[in-house]
Amino acid sequence: MSISFRLVSAIEFQKALTDAAEKQSHIEKNVEMYSLETLNQYRTYLSVNRLSGYAIKADGELTAVFSGVKGRGHAILVDAIKNGAFHLNAFEGFLTNLYMRYGFKEYRRESNWDINGPNVIYMRLG
């Protein structure tokens, strides 16, 4: 089944993100990070059912990726790349492996500010 995304307002995106966080605790950090003022600076996209989404900064950075539905990574990445995303950062682990399958390559890494946390990996298409 194909998942389609549409460009939405920052307020609609923030509402969907908040709704998703209420159902899945791992999304909560995204809500704290993305104020309406911040989201207004990005192009924000939601799946038609509002359960998944992402944002793209003016410089092409993919950010605020979330999904309340397991297995949406493929659809999100294909759509985000189509809409101009070409670099990102993520904690080393599952997501960096997923991003590599879509052509993102590491170009920089930083130690996590939490000594027990995973490294922050900076990636770009290429």
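In which helix is G73 found, and how far apart are the C-alpha atoms of G73 and S52?

*Solution.* Residues are numbered from 1 along each chain as its sequence is written. The model is a predicted one, in which local features need pLDDT of at least 70, side-chain atom pairs count only at pLDDT 80 or more, and totals for chains, interfaces and linings use all residues, while side-chain values rest on heavy atoms, with hydrogens and water left out. G73 is found in helix α4, where helices (H or I, at least four residues) and strands (E, at least two) are DSSP runs numbered from the N terminus. With a relative accessibility of 23%, G73 counts as partly exposed; buried means under 20% relative accessible area, exposed over 50%, and partly exposed in between, for a 1.4 Å probe and protein chains only. G73 and S52 are 21 residues apart along the chain, and their C-alpha atoms are separated by 9.3 Å.

**The whole chain**

Establish the order of the elements and judge how the radius of gyration compares with the globule rule.

*Solution.* Start with the inventory, which comprises 5 helices and 7 strands. From the N terminus on, these elements run β-α-α-α-β-β-β-α-β-α-β-β. The radius of gyration is 14 Å, close to the 14 Å that the globule rule gives for 126 residues, so the protein is as compact as a globular protein of that length; the radius is taken over C-alpha atoms, and the rule is 2.2 Å times the number of residues to the power 0.38. Along the principal axes, the C-alpha atoms fill a box of roughly 35 × 30 × 30 Å. Turning to contacts (heavy atoms within 4.5 Å), those between residues at least 6 apart in sequence include 52% that join residues at least 24 apart. Finally, 39% of the 126 residues count as buried.

**The faces of α5**

Determine which residues of α5 are buried and which elements help to cover them.

*Solution.* In α5, which spans residues 94-101, the buried residues are T96, L98 and Y99. Viewed down the helix axis, the buried residues fall within an arc of 160 degrees, so they line one face of α5; the arc is that of the directions from the helix axis to the C-beta atoms. On the other side of the helix, F94 and R101 are exposed. The cover over the buried residues includes β4 (62-67), α4 (73-82), β5 (87-91), β6 (104-110) and β7 (120-125). After the helix comes G103, whose phi is positive, near 95 degrees.

**Two nonpolar cores**

Identify the residues of the largest nonpolar core that touch the most other members, and the element that gives the most to this core.

*Solution.* A nonpolar core is a set of buried Ala, Val, Leu, Ile, Met, Phe, Trp, Tyr and Cys residues joined through side-chain atoms within 4.5 Å. The largest one has 17 residues, of which Y54, L62 and Y99 touch the most other members. At least two residues each come from β3 (52-56), α4, β5, α5 and β7, and α4 gives the most, with 4 residues. Not counting residues up to four places away in sequence, L62 touches Y54, A55, L77, A80, A85, H87 and L88. A second, separate core of 13 residues includes A10, A16, Y34 and Y42.

**The surroundings of A16**

Is A16 buried or exposed, and which residues beyond its sequence neighbours is A16 in contact with?

*Solution.* A16 belongs to helix α1, residues 10-23, and is buried, with a relative accessible area of 1%. Leaving aside neighbours within four places in sequence, A16 is in contact with L46, R50 and F66. The C-alpha atoms of A16 and L46 lie 8.0 Å apart, although 30 residues separate the two along the chain. R50 lies in the loop between β2 (43-47) and β3, and is partly exposed at 27% relative accessible area.

**Positive phi angles and a hairpin**

Describe how β3 and β4 pair, and find the positive phi angles in the hairpin turn, in β4 and in the loop before β3.

*Solution.* β3 and β4 pair in the antiparallel sense over 4 bridges, where pairing requires that DSSP find at least two bridges between two strands. A55 stands opposite T63 in β4. The hairpin leaves 5 residues between the strands, and G60 in the turn has a positive phi of about 90 degrees. Most residues other than glycine have a negative phi. R50, not a glycine, nevertheless has a positive phi of about 65 degrees, and A64, also not a glycine, has one of about 55 degrees. A64 lies in strand β4 and counts as buried at 4% relative accessibility, in a strand where 5 of the 6 residues are buried.
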